[in-house]
Amino acid sequence: MTFDTIITRGTVVTASDTFSCDVGVKDGRIVALADKLSGAEETIDASGLLVMPGGIDSHVHLEQPGAPGIIMADTFETGTRSAAVGGNTFVMPFCLQEKGQTLRESIEAYRRKAEGNCFVDVAFHLIVTDPTPQVLGQELPALIAEGFTSIKIFMTYDDLKLADREILEVLSVAQQHRALVMVHAEGYDAIRFLSDRLERQGSTAPHFHGTSRPIAVEREATHRAISLAEIVDTPVMIVHVSNRQAMEEIRRAQMRGLAVFGETCPQYLVLTEQDMDRTGMEGAKYVCSPPPRDLDSQKACWEGLQQGVFEVFSSDHCPFRYDDPAGKMAPRGKTNFRYVPNGIPGIATRMPILFSEGVVKGRIDLNRFVALTSTNHAKRYGLYPRKGTIAVGSDADIVLWDAKREVTITHSMLKDGCDYTPYEGMAVTGWPVRTILRGRTIDPDAAARDGELVSR
Ligand code: DUC
Ligand code: ZN
Ligand code: ZN
């Protein structure tokens, strides 16, 4: 047989083109694109379906250690299973350096958790929390050379934040060794000041999470991060941008010719701060950072996606169970928003939400959808053209998408390790009906876990 699999009669969509053709797959790779192919073990009829590159979600958190007593809801197994349900074939979780740990120790710990347990392919970003001379001078350069070419840093959180001087040191190593720094841009001191004041006033319900992190806190940190990167002349990616003012900081930098990139996420398109207003602890289901904002912020995030200010659309999947003392119902969290674990699930719903709200509602076209959910992630993080496109020679990572299917999102269909979805009851049009990893259809109910740790 010439091919292992032929996908026939579908409409192929890439970041640049839309065309009708058959796709021939052999040994996990795309080996032919032609009007009509024959001679395969298996033929998949994709009549009426879109044939797109599998989603790449370049911002997810899986099995990441947190505060004492708090446990992330997804393991590599459940998180990547849910990713596949949502049309993804690749995810990029973070490898968090715990204080006192070397970067290599943290990578080894994550490798042990991930290996043999993933339904989709995986590559790690690093999170640097302890930029010692050893980390900056030796570990980081060596790891960048080995392919760990993206590094996240935090400007807030007690255990994670770096001071400006430390940020400059990390940026400088990235500049010298050609890595990309991803920045969580919210200002630590301002958040602490506001949170202390709210606490003194007795304003401690989940809703006040949003009040403690207003837009100005994100805008200021975004501006500062861009300025620090400009000072050492190195690219930065501002992740999870939630509002117009931060988006405009990025746009201004781009217009000045700086290599500043932006990412936004589903929660900033379809949720608002009012979601955190729900009674009792229900609001905790929507507590994430930056927090969901208002309708104008949503509009600005759409503009950022339409105009190319944001080049990637990621989930920032960071799941904590709701009805669980190790999650959103943490005993201290019930007394004060400050201790509610920050983050919401969304690995399976990212693509359907962008397709329905973006493509079906005419805000973005199909090709931009593919760019934002797959191709641009592969290009930015050093995986292209092996990943992120449908082309001869690329891995056969493909999602078959029914653009007409109407689905009401409900948690049980997502097959993750969480116990809720923030998008419960949301009606979407368009749904992934088959996710194919290196030529093999992923069965989320099977024991097979073919996902590999991919080096860049
Ligand atoms: N930052 C993230 O990237 N994810 C969840 C929480 C956070 O602060
Ligand atoms: Zn973050
Ligand atoms: Zn995140």
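**Close-up 1. H59, a buried residue that meets both a zinc ion and ligand 1**. In this predicted model, H59 counts as buried because its relative accessibility is 0% (buried means under 20% relative accessible area, exposed over 50%, partly exposed in between, with a 1.4 Å probe and protein chains only). H61 is buried too, at a relative accessible area of 4%. A polar side-chain atom of H59 sits 3.0 Å from an oxygen atom of ligand 1.

**Close-up 2. The zinc ion (ligand 3) and its donors**. Here H59 (NE2), H61 (NE2) and D316 (OD) coordinate the zinc ion (ligand 3) at 1.9 to 2.0 Å. Donors are N, O and S atoms within 2.8 Å of the metal (3.2 Å for Na, K and Ca), and sites may look incomplete because water is not among the atoms. Along the sequence, the donor residues follow the spacing H-x1-H-x254-D.

**Close-up 3. The zinc ion (ligand 2), 4.1 Å from the zinc ion (ligand 3)**. K152 (NZ), H184 (ND1) and H240 (NE2) are the protein donors of the zinc ion (ligand 2), 2.1 to 2.2 Å from it. Their sequence spacing reads K-x31-H-x55-H.

**Close-up 4. Ligand 1 and the residues around it**. The surrounding residues include F154, S289, C318 and N342, each with a heavy atom within 4 Å of the ligand. Sorted by type, the shell has three nonpolar, six polar and two charged residues (Ala, Val, Leu, Ile, Met, Phe, Trp, Tyr, Cys and Pro count as nonpolar, Asp, Glu, Lys and Arg as charged, and the others, Gly among them, as polar). A polar side-chain atom of Y157 comes to 2.5 Å from an oxygen atom of ligand 1, while an N or O atom in the side chain of D316 is 2.8 Å from a nitrogen atom of ligand 1. On its own, ligand 1 has 240 Å² of accessible area, and the protein covers 95% of that (Shrake-Rupley method, 1.4 Å probe).

**How to read the views.** Residues are numbered from 1 along each chain as its sequence is written, with chains lettered from A and ligands numbered from 1 in the order in which they are written. Local features need pLDDT of at least 70, side-chain atom pairs count only at pLDDT 80 or more, and totals for chains, interfaces and linings use all residues, while side-chain values use heavy atoms, leaving out hydrogens and water.

Terms used
A polar contact is a pair of N or O atoms within 3.5 Å; within protein, one must be able to donate a hydrogen and the other to accept it, and residues adjacent in sequence count only if both atoms are side-chain atoms.
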